[in-house]
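Hi there,

Here is the structure I promised to pass on. Have a look at it first, and then read my notes below.

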Amino acid sequence: MTAALRQLCCGWHVWSAMTHASLRPMDAFDPTEPAILHDRLTDTIITWTADQADDYKRASRPGPEGTVAWKSYLFDGWGNVLGG
């Protein structure tokens, strides 16, 4: 994982987490398919089995910078389970 430095007004800087370049944007994630998801809050990879696809579709909320909040997660990228 890398970090990007952003400059805000008044000279303040904030470090913003960015996902690995091989992960895809969350707007292309299909919760009905197996995948891996990156949780920005814990900087961990979650294995997705699609068992909770209906709840994800109903309860997930898009956030800033392409993130998706769902339950206690803040997903910011996804990939195929076997990297394909």
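Start with strand E3, which is mostly covered: four of its five residues are buried. Keep in mind that this is a predicted model, so everything below comes from a prediction.

What does E3 pair with? On one side there is strand E4: E3 covers residues 35–39, E4 covers residues 44–48, and the two pair in the antiparallel sense over five bridges. You can follow some of the partners by eye. Ala35 has Trp48 as its bridge partner in E4, Ile36 stands opposite Thr47, and Asp39 is partnered by Thr44. The hairpin made by E3 and E4 has four residues between the strands, and Asp43 takes a positive phi there, near 55 degrees.

E3 also pairs with strand E7 (residues 73–79); these two run antiparallel and are joined by four bridges. Look for Leu37 here, which stands opposite Trp78 in E7.

Now zoom out a little. Five strands form an open sheet, in the order E4-E3-E7-E6-E5, with antiparallel pairing. Which strands stand at the edges? Those are E4 and E5 (61–62); each has a single partner strand, so one side of each is left without a neighbour in the sheet.

Next, the aromatic rings. A search of the whole structure turns up nine aromatic pairs. Take Phe29 and Trp48: their ring centres are 5.7 Å apart and their planes are at 80 degrees, so this pair is edge-to-face. (The cut-off for that label is an angle over 60 degrees.) Phe29 lies in the loop between strand E2 (13–18) and E3, while Trp48 is in E4, so the pair ties together parts that are 19 residues apart in sequence. Are these two residues buried or exposed? Both Phe29 and Trp48 are buried. They also belong to a cluster, in which ring pairs link Phe29, Trp48, Tyr56, Trp70, Tyr73, Phe75 and Trp78. You have met two of these already: Trp48 as the bridge partner of Ala35, and Trp78 as the residue opposite Leu37.

For the chain as a whole, there is one helix and there are seven strands. Reading from the N terminus, the elements run β-β-β-β-α-β-β-β. The protein chain has 84 residues, and 30% of them count as buried. Its exposed area is about 5,600 Å², with carbon and sulfur atoms supplying 58% of that. How much of the contact list links residues that sit 24 or more positions apart? Among contacts with a separation of 6 or more, such residues account for 43%.

Finally, a word on confidence. The mean pLDDT of the protein chain is 81, and 74% of its residues reach 70 or more. Over residues 1–17, though, the pLDDT is below 50. That stretch still has 26 contacts in the model beyond near neighbours in sequence.

Have fun clicking through it!

Cheers

Key. Residues are numbered from 1 along each chain as its sequence is written. This is a predicted model: local features need pLDDT of at least 70, side-chain atom pairs count only at pLDDT 80 or more; totals for chains, interfaces and linings use all residues. Side-chain values use heavy atoms; hydrogens and water are left out. Buried means under 20% relative accessible area, exposed over 50%, partly exposed in between (1.4 Å probe, protein chains only). Contact means heavy atoms within 4.5 Å. Accessible areas come from the Shrake-Rupley method with a 1.4 Å probe; for residues, only the protein chains shown count as cover. Two strands pair if DSSP finds at least two bridges between them. pLDDT is the predictor's confidence in each residue, from 0 to 100. Rings of Phe, Tyr and Trp (its six-membered ring) pair if their centres lie within 6.5 Å; planes under 30 degrees apart count as stacked, over 60 as edge-to-face and the rest as tilted.
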